[in-house]
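Please open the structure in your viewer and keep the sequence panel visible. The tour below proceeds by selection, with a short description at each stop.

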Amino acid sequence: CAFGEAGRSYRYTGLERHAEPWPAILRPALLRVRALCGTAFDFALANLYPDGEAALGKHADDERDIARDSAIAGLSLGAERDFLLYRKGPRGERVTSLTLAHGSLVVMWGSTQQH
């Protein structure tokens with residue numbers, strides 16, 4: 001599902017997600033992430049992974065709906081999981097792996113999505 005400011009939407013893999021209003025339960029987390037990053041994040045995709053095997057495949061958040069070089073934040077809630085970063089290109093080698101525990105915040109700044 002998607003949450004965000006009024007009128008915000010995000011298109012990826014042919015699907016367009018329109019933001020529902022921020023639920024009251026998420027407001028404290030949103031305000032904390034904005035304060036920590038100094039960025040007014042205005043849209044969030046919320047993904048539920050039912051078990052330790054579910055995951056998104058390799059991808060970049062570089063769709064036209066996202067301003068180039070803008071920050072992308074990921075807040076991990078629940079079970080610990082690995083977050084892998086790969087370099088774009090034909091070889092696609094892994095750059096790093098982060099273990100995200102419950103409550104972990106990972107922020108990708110600048111040109112991360114382009115590379």
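Strands, labelled E, are DSSP runs of at least two residues, numbered from the N terminus. The model shown here is predicted.

**First stop: leucine 84**

Select residues 81-86, which form strand E6, and then pick out leucine 84 within that strand. Is this side chain buried or exposed? Leucine 84 has a relative accessible area of 35%; because buried means under 20% and exposed over 50%, the residue is classed as partly exposed.

Next, display the surroundings of leucine 84. Leaving aside residues up to four places away in sequence, leucine 84 touches Arg94, Thr96 and Ser97. Add lysine 58 to the selection: the C-alpha atoms of lysine 58 and leucine 84 are separated by 8.7 Å, although the two residues are 26 residues apart along the chain.

**Second stop: the salt bridges**

How many salt bridges does the structure hold? There are 5, and several of them are visited in turn below.

Begin by selecting arginine 34 and glutamate 5. These two residues form a salt bridge, with 2.9 Å between the closest N and O atoms. The pair links distant parts of the chain, 29 residues apart: arginine 34 belongs to helix H1 (residues 27-37), whereas glutamate 5 sits in the loop between strand E1 (2-4) and strand E2 (9-12). Glutamate 5 is partly exposed, its relative accessible area being 30%.

Move on to aspartate 42 and arginine 8. In this salt bridge the closest N and O atoms are 3.2 Å apart. Aspartate 42 lies in the loop between H1 and strand E4 (43-45), and arginine 8 in the loop between E1 and E2; the pair therefore ties together parts that are 34 residues apart in sequence. Both ends of this bridge may be examined with a surface display: aspartate 42 is partly exposed at 28% relative accessibility, and arginine 8 is partly exposed at 32%.

Now select glutamate 16 and arginine 11. Their salt bridge brings the closest N and O atoms to 2.8 Å apart. Glutamate 16 counts as partly exposed, with 36% relative accessibility, and arginine 11 is likewise partly exposed, with a relative accessible area of 41%.

**Final stop: a network**

Which residues are joined into one network by salt bridges that share partners? Select Arg87, Arg91 and Glu93 together to display them.

Key: Residues are numbered from 1 along each chain as its sequence is written. This is a predicted model: local features need pLDDT of at least 70, side-chain atom pairs count only at pLDDT 80 or more; totals for chains, interfaces and linings use all residues. Side-chain values use heavy atoms; hydrogens and water are left out. Helices (H or I, at least four residues) and strands (E, at least two) are DSSP runs, numbered from the N terminus. Buried means under 20% relative accessible area, exposed over 50%, partly exposed in between (1.4 Å probe, protein chains only). Contact means heavy atoms within 4.5 Å. A salt bridge is a side-chain nitrogen of Lys or Arg within 4 Å of a carboxyl oxygen of Asp or Glu.
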